[in-house]
Amino acid sequence: MADELSTTFAALADPTRRAILTRLGDGEATVSELAQPFAMSLPAISKHLSVLERAGLISKTPDRQRRRCRLEATPLQDATAWLELYREHWERRLDDLGDYLATMSTPSTQGTTQEKP
């Protein structure tokens, strides 16, 4: 699973690839449709798509003379599950810190005695 996660996170590290995935979240698109918003060549977009495909984040299917790309969510679900473990850990740690800080801000009556005159 670690190798798959590494591949997924490496693919997500590039903003162009994340934008492509965002676009594919709206539905299938051809390579040329995916290339439209970017100021780069079709071969450059194809390289990005190859990285996404190797990571299992997209699939390509032939449609006449075009290739249609589709988002594949399973690797994203696996990455989210892995990140969720750390989110839960840090939430617990922050809750513990909040509890500790709350005890520091409340005056303690322990150990103090008041003498009556």
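In this predicted model, T30 has R68 as its bridge partner in strand β3, and a neighbouring pair of the register is formed by A29, whose bridge partner in β3 is C69. These residues belong to the pairing of β1 with β3, two strands that run antiparallel and are joined by two bridges. Strands of a sheet pair through backbone hydrogen bonds, and they may do so in a parallel or an antiparallel way.

On the β2 side, R68 also has a counterpart, since T61 stands opposite R68 in β3. Strand β2, which covers residues 58–63, pairs with strand β3, residues 66–71, in the antiparallel sense, and this pairing extends over six bridges. Towards the turn that links them, D63 has R66 as its bridge partner in β3. The two strands form a hairpin with two residues between them, and R64, which sits in the turn, has a positive phi of about 60 degrees.

Taken together, the strands make an open sheet of three, arranged in the order β1-β3-β2 with antiparallel pairing. The edge positions are held by β1, residues 29–30, and by β2, each of which pairs on one side only. Helix α4 packs on this sheet, where it touches β2 and β3, and the direction of α4 makes about 115 degrees with that of β2.

Where do these strands fall along the chain? From the N terminus on, the elements of the protein follow the order α-α-β-α-α-β-β-α, which comes to five helices and three strands. The protein has 117 residues, of which 23% count as buried. Among contacts between residues at least 6 apart in sequence, 51% join residues that are at least 24 apart.

The next step is the interior. The largest nonpolar core has 17 residues, and those with the most contacts inside it are L49 and L52. Four helices each supply at least two residues of this core, namely α1 (2–12), α2 (15–24), α3 (31–35) and α4 (42–54). The surroundings of L52 can be followed in some detail: leaving aside residues up to four places away in sequence, L52 touches A11, R17, I20 and L21, and also L57 and I58.

Both L49 and L52 return in the packing of α4 against α2, where the contact is considered helix against helix. Two packed helices are described by the angle between their axes and the distance between the axes. For α2 and α4 the angle is about 75 degrees, and the axes lie 10 Å apart. An angle from 65 to 115 degrees counts as roughly perpendicular, and α2 and α4 are therefore roughly perpendicular to each other. From α2, the contact is made by T16, R17, I20 and L21, while α4 brings H48, L49, V51 and L52. Sorted by class, the contact of α2 with α4 has five nonpolar, two polar and one charged residues.

One of the residues in that contact, T16, lies in helix α2 and has a relative accessible area of 14%. Buried means under 20%, and T16 is therefore buried. Besides H48, T16 touches F38 and M40, again not counting residues up to four places away in sequence.

Two further residues show an intermediate degree of exposure. S46 is found in helix α4, and because its relative accessible area is 30%, S46 is partly exposed. Between the C-alpha atoms of S46 and S32, residues that are 14 apart along the chain, the separation is 9.5 Å. A73, by contrast, lies in a loop, the one between β3 and α5 (74–105), and with 36% relative accessibility A73 also counts as partly exposed. The C-alpha atoms of A73 and I58 are separated by 8.1 Å, with the two residues 15 apart along the chain. I58 links this loop to parts of the structure already described, being among the residues that L52 touches.

Conventions: Residues are numbered from 1 along each chain as its sequence is written. This is a predicted model: local features need pLDDT of at least 70, side-chain atom pairs count only at pLDDT 80 or more; totals for chains, interfaces and linings use all residues. Side-chain values use heavy atoms; hydrogens and water are left out. A nonpolar core is a set of buried Ala, Val, Leu, Ile, Met, Phe, Trp, Tyr and Cys residues joined through side-chain atoms within 4.5 Å. Buried means under 20% relative accessible area, exposed over 50%, partly exposed in between (1.4 Å probe, protein chains only). Contact means heavy atoms within 4.5 Å. Two strands pair if DSSP finds at least two bridges between them. Axes are lines fitted to C-alpha atoms, for helices over the stretch in contact, and angles run from 0 to 180 degrees between N-to-C directions. Angles under 35 degrees count as roughly parallel, over 145 as roughly antiparallel, 65 to 115 as roughly perpendicular and the rest as oblique. Ala, Val, Leu, Ile, Met, Phe, Trp, Tyr, Cys and Pro count as nonpolar, Asp, Glu, Lys and Arg as charged, and the others, Gly among them, as polar.
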